[in-house]
Amino acid sequence: MKIISYLLSLIFGVVFFLILLIFHPLQWVGLKFGYKSHKNIVDIMNWCLIQALLILGNRINFVKHYPIPENTTIIFAANHQGTFDIPPMIWYLRKHHPKFVSKIELGKGIPSVSFNLRHGGAALINRKDPNQALKELENFGKRIHNNCWSAAIFPEGTRSRNGVPKKFSVNGLKMMIKYNPEAYIVPISINNSWKVFRYGSFPLGIFNKITLESHQPIPLKDANIAQVLTQTEKVIKDHINL
């Protein structure tokens, strides 16, 4: 099986980087025509990345157990297992305009990805500079509120390499709530995306079913925030298959 994964990983790697290279100039052109054009191109790019995973025999299933409120800010909170948590969140949640909190290092050097992080509304935080991170999260919270966008946050901070969730750090969530007090938190549980990198960056894992489940939206208005944060973490972790 691992021998097959070497061959499929080579093919996938070529296709993956071709997608990023092709969509980099397309994003640049789209941005010239405004936010909507740029976003549509980013959405299509992430659909292509999802389809590329089929080369590895990896399938993605996104399950919405409850309707997600529209025309309001949503704070999507999810466990983090790997790079391929992100394309399905962008694609399947596209009408909610999810913007990600990311480490500042990803803002440079990666075709398409870095461009979108810098120009698509994301928050780029420097983990070594708490003052910068705090200010960036503050601006991000205000930005999603003013534009009626949504935030996508991985409270673990870093990805789990074996699927076992880490302890949540809720500071980022608290900042989003501070500037979006009438938003909803939607917990999302992600399973099996860590298996794509079970051998490291090469070869990649094959023939996995990656699932993302969105759970019941939790309204923040007039809520006990401490209880909401505890509930969010519990819901997410209760639906992670170990």
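These notebook entries record what I looked up in the structure above, which is a predicted model.

**Entry 1. Salt bridges**

I began with the charged pairs and found 6 salt bridges in the structure. I followed up three of them, taking the pair in helix α2 before those in helix α5.

In helix α2, which spans residues 35–52, I examined Asp43 and Lys39. These residues are 4 apart, about one turn of the helix. Their closest N and O atoms are 2.6 Å apart, and the two form a salt bridge. I then asked whether Asp43 is buried or exposed. Asp43 has a relative accessibility of 7% and therefore counts as buried, the cut-off for buried being under 20%. Lys39 is likewise buried, because its relative accessible area is 12%.

I also noted a distance from Asp43 to a residue elsewhere in the chain. Met89 is 46 residues away from Asp43 along the chain, and I recorded 10.0 Å between the C-alpha atoms of the two.

**Entry 2. The charged residues of helix α5**

I turned next to helix α5, which covers residues 130–147. Glu138 forms a salt bridge with Lys135, with 3.8 Å between the closest N and O atoms. The two residues are 3 apart in helix α5, about one turn of the helix.

Which other residue did I find in a salt bridge with Glu138? Lys142 is such a partner, and here the closest N and O atoms are 3.1 Å apart. Lys142 and Glu138 are 4 residues apart in helix α5, again about one turn of the helix. I noted that Lys135, Glu138 and Lys142 are joined into one network by salt bridges that share partners.

I checked the accessibility of each member of this network. Glu138 counts as buried because its relative accessibility is 18%, and the limit for that class is under 20%. Lys135 is partly exposed, with a relative accessible area of 45%. Lys142 is also partly exposed, at 34%.

**Entry 3. How helix α5 meets helix α6**

I then looked at the packing of helix α5 against helix α6, which comprises residues 171–179. The axes of the two helices come within 8 Å and cross at roughly 40°. Are α5 and α6 parallel or oblique to each other? They are oblique, since an angle of roughly 40° lies outside the ranges for roughly parallel (under 35 degrees), roughly perpendicular (65 to 115) and roughly antiparallel (over 145). I recorded the crossing of α5 past α6 as right-handed.

**Entry 4. A nonpolar patch**

I searched the surface for nonpolar side chains and recorded a patch of about 460 Å². Val14, Leu18, Leu21, Ile22 and Leu26 make up this patch. I looked at one of these residues, Leu26, in detail and placed it in helix α1, residues 2–32. Leu26 counts as partly exposed because its relative accessibility is 39%.

**Entry 5. Leucine 117**

For a leucine in another helix, I looked up Leu117, which lies in helix α4, residues 113–119. Leu117 is buried, with a relative accessible area of 12%. I also noted its distance to Lys103, which is 14 residues away along the chain: their C-alpha atoms are separated by 9.9 Å.

**Entry 6. Backbone features in loops**

I finished with the backbone. Where is the peptide bond that I recorded as cis? It joins Phe202 and Pro203, and its omega is about -5°. Pro203 sits in the loop that runs between β6 (184–191) and β7 (209–214).

I next noted two residues with positive phi. Asn71 is not a glycine, yet its phi is positive at about 60°. I placed Asn71 in the loop between β1 (59–64) and β2 (74–78). Asn71 is exposed, with a relative accessible area of 75%, and the exposed class begins over 50%.

Asp222 is not a glycine either, and I recorded a positive phi of about 65° for this residue. The loop that holds Asp222 lies between β8 (218–219) and α7 (225–238). Asp222 has a relative accessibility of 79% and therefore counts as exposed.

Note on methods. Residues numbered from 1 in each chain as written. Predicted model: local features only at pLDDT ≥ 70, side-chain atom pairs only at ≥ 80, totals over all residues. Heavy atoms only, no water. Patch = residues over 30% accessible without salt bridge, like charges linked within 9 Å, V, L, I, M, F, W, Y side chains within 5 Å. Areas by Shrake-Rupley, 256 points an atom, 1.4 Å probe, with all protein chains shown as cover. Salt bridge = Lys/Arg side-chain N within 4 Å of Asp/Glu carboxyl O. Buried < 20%, exposed > 50% of the residue type's maximum accessible area, 1.4 Å probe, protein only. Axes fitted to C-alpha atoms, helices over the stretch in contact; angles between N-to-C directions. Left-handed = near helix turned anticlockwise from the far one by under 90°.
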